[in-house]
Amino acid sequence: SKDPFKVSLAYTPDSVWRNRDEIFRGRVAIEQFLTRKWKTECEYKLEKNLWTFHGNRIAVRFEYEWKHQSSGNWFRTHGNEL
């Protein structure tokens, strides 16, 4: 889904996210972040691959492609979520 509210529901209420220099906690913060992010990142395509899991924690590798809303340039971003 590309609906920030629906996406936020996939995470626990106390999830902690880090994006570059931002750290935020909880579904409301996730929804606000995605709303802001997706205003400039269009035609977003995301792929995630599970690396490992233990107890209630997982680690995934992600890669996504997106087009910048104003410039029309395409970008690829990748990293890890722990």
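These are my notebook entries on a few spots I looked up in this structure.

**Before starting.** I am working with a predicted model, so I read every value below as computed from that model.

**Entry 1: helix H2.** I began with H2, which runs over residues 27–37. Which of its residues are buried? I found Ala29, Ile30, Phe33, Leu34 and Lys37. They sit on the same side of H2, because they cover an arc of only 130 degrees around the axis. I reminded myself that an α-helix has 3.6 residues a turn, so residues three or four places apart point the same way. Then I turned the helix around: the face away from the buried side carries the exposed residues Val28 and Gln32. Next I asked what the buried residues of H2 pack against. My list has helix H1 (4–8), strand E1 (16–19), E2, E3 and strand E4 (57–68).

**Entry 2: serine 8.** Since H1 is on that list, I went to serine 8, which is found in H1. Is serine 8 buried or exposed? It counts as buried, because its relative accessibility is 1% and the cut-off for buried is under 20%. A polar atom of its side chain lies 2.7 Å from the backbone oxygen of phenylalanine 5. Setting aside neighbours within four places in sequence, I noted contacts of serine 8 with Arg27, Ile30 and Glu31. Ile30 is one of the buried residues of H2 that I had written down above.

**Entry 3: arginine 25.** I moved on to strand E2 (residues 22–25), where arginine 25 lies. Arginine 25 is exposed, because its relative accessible area of 57% is over the 50% cut-off. What does arginine 25 touch, not counting residues up to four places away in sequence? I got Asp14, Ser15 and Val16. With aspartate 14, the side chain of arginine 25 reaches the backbone oxygen at 3.4 Å. I also checked how far arginine 25 is from serine 70: the two are 45 residues apart in sequence and 29 Å apart in space, C-alpha to C-alpha.

**Entry 4: phenylalanine 53.** My last stop was strand E3 (residues 41–54), which holds phenylalanine 53. Phenylalanine 53 counts as exposed, because its relative accessibility is 59%. Which residues make the nonpolar surface patch with Phe53? They are Leu50 and Ile58, and the patch comes to about 350 Å². I marked Leu50, Phe53 and Ile58 on my view of the model so I can find this patch again.

Methods:
Residues are numbered from 1 along each chain as its sequence is written. This is a predicted model: local features need pLDDT of at least 70, side-chain atom pairs count only at pLDDT 80 or more; totals for chains, interfaces and linings use all residues. Side-chain values use heavy atoms; hydrogens and water are left out. Patches are made of residues with over 30% relative accessible area and no salt bridge: like charges are joined within 9 Å, nonpolar side chains (Val, Leu, Ile, Met, Phe, Trp, Tyr) within 5 Å. Accessible areas come from the Shrake-Rupley method with a 1.4 Å probe; for residues, only the protein chains shown count as cover. A salt bridge is a side-chain nitrogen of Lys or Arg within 4 Å of a carboxyl oxygen of Asp or Glu. Helices (H or I, at least four residues) and strands (E, at least two) are DSSP runs, numbered from the N terminus. Buried means under 20% relative accessible area, exposed over 50%, partly exposed in between (1.4 Å probe, protein chains only). Contact means heavy atoms within 4.5 Å. A polar contact is a pair of N or O atoms within 3.5 Å; within protein, one must be able to donate a hydrogen and the other to accept it, and residues adjacent in sequence count only if both atoms are side-chain atoms. The arc is that of the directions from the helix axis to the C-beta atoms.
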